[in-house]
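Please look at the model below with its strands and their connections in mind. The notes that follow go through pairing, hairpins and contacts in turn.

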Amino acid sequence: MAEDNSYESMLCVKPEVHVYRIPPRATNRGYRAADWKLDEPAWSGRMKITAKGKMAFIKLEDKNTGELFAQAPVEQYPGCVVEAVTDSSRYFVIRIEDGNGEALSGRHAFIGLGFADRGDSFDFNVALQDHFKWVKQEGEFAKMEASQSAAPKLDLSFKEGQTIKISIGNIKKKEAGGAKPRPMGGGLLPPPPGVKAGGIIPPPGGQQMAPAAQTNAAALLDFGSPVPAPQPSSDMWGDFTSAGSK
């Protein structure tokens, strides 16, 4: 990933910081702010933290004119350029280098940097941590892109004349005639539950009805029987005689 060295971003600004002359470190245990003359700072002014590409710069400027007093280029954090003291969270030791911007002479010195408020020292610390966390992520992304570009690409395109065959399960063909015929209900309602289709519902009370076929057969037998005709009287004039005698 190409870096734009002409662009400088602002990471943190603190309007008031103090610079102290520090004695040489006597042991490897670290610096102690109690060994400094905290009530007599060597310089006071404004601090800025800027970033240009992967580099961060701690700049100490005059709060009125903006003139650069000193700067500390930081290549990594935590590191030897910025070191916290062992007895306070508001003081640090930074390594400043002679020169302006990228034109550094190589001469350097260690000074004490102090903040009046703990919140300012916290912001100073977090600004450097966030910047170099971003630098680390950018480096990992660059390595990932390089490994992906170096790996051979998988060619999944069809070669000339190449075909494929697709097998789709067992699909039964529909029989000729289309849909199955729907049963003709004749408009009749379905039988109630518990009654077989085509059956006759028995009457209540356990009485059974005579089969309709037998009843109809008995009626036909009675209808075919001859009705006995009245016998005529042997005396044809009996009725007239009786009528005339009266």
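In the hairpin of β3 and β4, which residue takes a positive phi, and how many residues are there between the strands? Gly66 takes a positive phi near 80 degrees, and the hairpin has six residues between its two strands. The model is a predicted one, and the points below take strand β3 as their starting place.

**Strand β3 and its partners**
- Strand β3, which spans residues 55-61, is mostly covered, with six of its seven residues buried.
- On one pairing, strand β2 (residues 43-52) runs antiparallel to β3 and is joined to β3 by seven bridges, with Thr50 standing opposite Phe57 of β3.
- On another pairing, β3 and strand β4 (residues 68-74) are also antiparallel and share six bridges, and here Ala56 stands opposite Val74 of β4.

**The hairpin of β2 and β3**
- Two residues lie between the strands in the hairpin of β2 and β3, where Gly53 takes a positive phi near 70 degrees.

**Arg46 and its surroundings**
- Arg46 belongs to strand β2, and its C-alpha atom is separated by 8.9 Å from that of Asn64, although the two residues are 18 residues apart along the chain.
- Leaving aside residues up to four places away in sequence, Arg46 touches Val13, Lys14, Pro15 and Val17, as well as Lys59, Leu60, Glu61, Asp62, Lys63 and Gly66.
- Gly66, one of these contacts of Arg46, is also the residue with a positive phi in the hairpin of β3 and β4.

Notes:
Residues numbered from 1 in each chain as written. Predicted model: local features only at pLDDT ≥ 70, side-chain atom pairs only at ≥ 80, totals over all residues. Heavy atoms only, no water. Buried < 20%, exposed > 50% of the residue type's maximum accessible area, 1.4 Å probe, protein only. Helix = DSSP H or I, 4+ residues; strand = E, 2+ residues; numbered from the N terminus. Pairing = 2+ DSSP bridges. Contact = heavy atoms within 4.5 Å.
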